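This briefing walks through one protein chain, topic by topic, for a reader who is new to looking at structures. Please keep the sequence and the 3D view open while you read, and find each named residue as it comes up.

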Amino acid sequence: MMSTLIVHCHPYEGSFCHAVLETLAQRLEQEGQEVIIDDLYADGLSPAMTPAELADYSSGSPHDPLVERYLKDLTSCEHLALVFPVWWNDAPAMLRGWLDRVLLVGSTWDIGPDGMVGLLGGIQDVTLYTTSDNPTEFLENVTGNGIRRTLLDGTFMQLGIERRIWHNFGCVSTATDAERAAWLHGVATDTLPASGDTSGSESSAPDFVPWALDEVELDPSLFGKDYLYELIHVGQPIARDTLYRRYAQRFYTGRATSTVRRDVDGILGLIKSRIIDCSLPDEDPAYRTADGGPIVPRLAGSRSIAEIPLAELVEDVVAVARSTQRALPRADFIREVAGTLGYKQAGRQIRECIGHAIDYAQKKGRVAKDKIIS
């Protein structure tokens with residue numbers, strides 16, 4: 001019987017990490033595998049190595065019965081999975097402590113003439129399931145890609161594990177219920193895209209990809225087209241509201257203003273004919289307009305402001321307030337919002353609509369009273 005060790009590292013049972021753990025364990029058991037779960041927080045592991053342990057480290061002998069059990073689980077498994085949150089762009093201290101205390105010399109690695117020699121080549125693969133409040137693209141392209149470079153291509157490569165896979169669930173705190181359900185479906189069916197696979201082998205094609213694009217030439221003048229194209233190409237379920245949010249986090253103040261929606265809708269409008277909707281059964285399509293009609297670029301500056309819903313205008317007001325460092329006279333603030341929406345001049349109707357959105361935002365406490373000078 002094949003065996004999989006799952007190392008779980010999250011203190012809260014209501015976390016999405018815990019949902020991933022339960023879903024993964026259930027799938028493996030249904031496949032007939034023996035599943036071993038080492039729950040670091042539930043077991044009360046101390047992440048700090050003691051002076052006595054360090055003094056005797058070269059012997060490779062565990063001083064702690066819990067560490068001894070963890071070491072036995074690790075060296076006897078055929079598959080390894082780690083489930084943990086990304087905190088400050090890295091693994092939690094508890095998981096780092098597991099690495100420090102369990103990866104003992106003589107059992108998991110040794111020293112050869114050319115440096116470290118991994119002794120865990122019997123483990124066929126290691127898979128990381130992580131969650132983060134930042135988008136995966138932020139971890140990969142802005143903060144140095146530490147999870148992949150340090151853990152996958154560093155630690156686990158040195159230990160001798162050839163196949164190394166990483167699945168990250170980005171923006172998890174703001175993900176919709178549908179997005180979370182789709183992620184868990186991917187865990188349950190083993191169809192998540194293997195974004196961290198460093199073995200060079202091809203992963204099986206996922207059966208729930210809501211976006212599938214042929215190669216397409218995009219207008220090179222479109223701002224952010226490459227980033228949006230990458231988001232769609234990721235292969236994980238992604239709703240249009242999520243595209244707005246991630247695009248805004250990358251290029252704007254973080255709010256999905258009308259400007260953000262204009263840019264995203266404009267790019268999506270160009271490639272609409274190349275998008276195949278493969279949403280999950282019984283779920284609303286990930287890509288559609290509010291009325292179910294075709295996608296058309298929505299250029300805020302070329303339509304009447306009366307067509308923009310109040311809720312959207314409020315978000316625009318809040319975004320401008322957050323990105324403005326000093327208090328502005330009301331008239332100047334209105335002009336600032338109008339410019340953000342693409343209007344060259346703030347006519348009477350524009351002033352009235354934006355003014356109404358300002359009053360509503362302040363009434364709801366979303367914009368401080370002293371941010372706008374009456």
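A good place to begin is S3, whose bridge partner in β2 is E34. That pair belongs to a set of 6 bridges that join strand β1, made of residues 3–8, to β2, and these two strands run parallel. The model is a predicted one, and every value below was computed from it.

**The chain as a whole**

- The secondary structure of the chain comes to 14 helices and 9 strands, and of its 374 residues 48% count as buried.
- If one takes the contacts between residues at least 6 apart in sequence, 73% of them join residues that are at least 24 apart.

**The open sheet**

- In which order do the strands of the open sheet lie? The order is β2-β1-β3-β6-β7, so that 5 strands take part, and the pairing is parallel.
- The edge strands are β2, residues 34–39, and β7, residues 163–169, each of which pairs on one side only.
- On average, and with direction ignored, neighbouring strands of this sheet are turned by 15° against each other.
- At the β7 edge, 7 bridges join β6 to β7, which run parallel, and the bridge partner of L128 in β7 is W166.
- Although β7 is an edge strand, this strand is mostly covered, with 6 of its 7 residues buried.

**T127 in strand β6**

- T127 has its place in strand β6, and with a relative accessible area of 10% this residue is buried, because buried means under 20%.
- Leaving aside the neighbours within four places in sequence, T127 is in contact with L80, A81, L82, I165 and H167.

**Helix α7, lying across the sheet strands**

- Helix α7, residues 146–158, lies across β3 (79–85), β6 (125–131) and β7, and the helix runs at about 155° to β7.
- The buried residues of α7 are I147, R148, L151, L152, G154, T155 and F156.
- A straight helix of 13 residues would span 18 Å at 1.5 Å a residue, whereas α7 spans only 16 Å between its end C-alpha atoms.
- Just after α7 comes G160, which takes a positive phi of about 100°.

**Helix α13 and what covers it**

- Helix α13, residues 330–340, has four residues to look for in the view, since its buried residues are F333, I334, V337 and A338.
- Why do these residues lie on the same side of α13? They cover an arc of only 140° around the axis, and this puts them on the same side of the helix.
- What covers the buried residues of α13 includes the helices α12 (310–323) and α14 (348–363), together with the strands β8 (328–329) and β9 (372–373).
- α13 is followed by G342, a residue whose phi is positive, near 95°.

**Positive phi outside glycine**

- Most residues other than glycine have a negative phi, which gives a reason to look at two residues of this chain.
- W88 has a positive phi of about 50° although W88 is not a glycine, and its place is in the loop between β3 and α5, the latter being residues 93–102.
- C171 likewise has a positive phi of about 50° although C171 is not a glycine, and this residue lies in the loop between β7 and α8, the latter being residues 177–189.
- Are these loop residues buried or exposed? W88 is exposed, with a relative accessible area of 83%, whereas C171, at 1% relative accessibility, counts as buried.

**Cysteines**

- A disulfide is a covalent bond between the sulfur atoms of two cysteines.
- How many disulfides does the structure hold? The structure holds 0 disulfides.
- For C9, the nearest cysteine sulfur is that of C17, which is 8.5 Å away, and because a disulfide needs two sulfur atoms within 2.5 Å, C9 is in no disulfide.
- C9 is buried, with a relative accessible area of 1%, and C77 is buried as well, with a relative accessible area of 4%.

Conventions
Residues are numbered from 1 along each chain as its sequence is written. This is a predicted model: local features need pLDDT of at least 70, side-chain atom pairs count only at pLDDT 80 or more; totals for chains, interfaces and linings use all residues. Side-chain values use heavy atoms; hydrogens and water are left out. Buried means under 20% relative accessible area, exposed over 50%, partly exposed in between (1.4 Å probe, protein chains only). Axes are lines fitted to C-alpha atoms, for helices over the stretch in contact, and angles run from 0 to 180 degrees between N-to-C directions. Contact means heavy atoms within 4.5 Å. The arc is that of the directions from the helix axis to the C-beta atoms. The expected span of a helix is 1.5 Å times one less than its number of residues.
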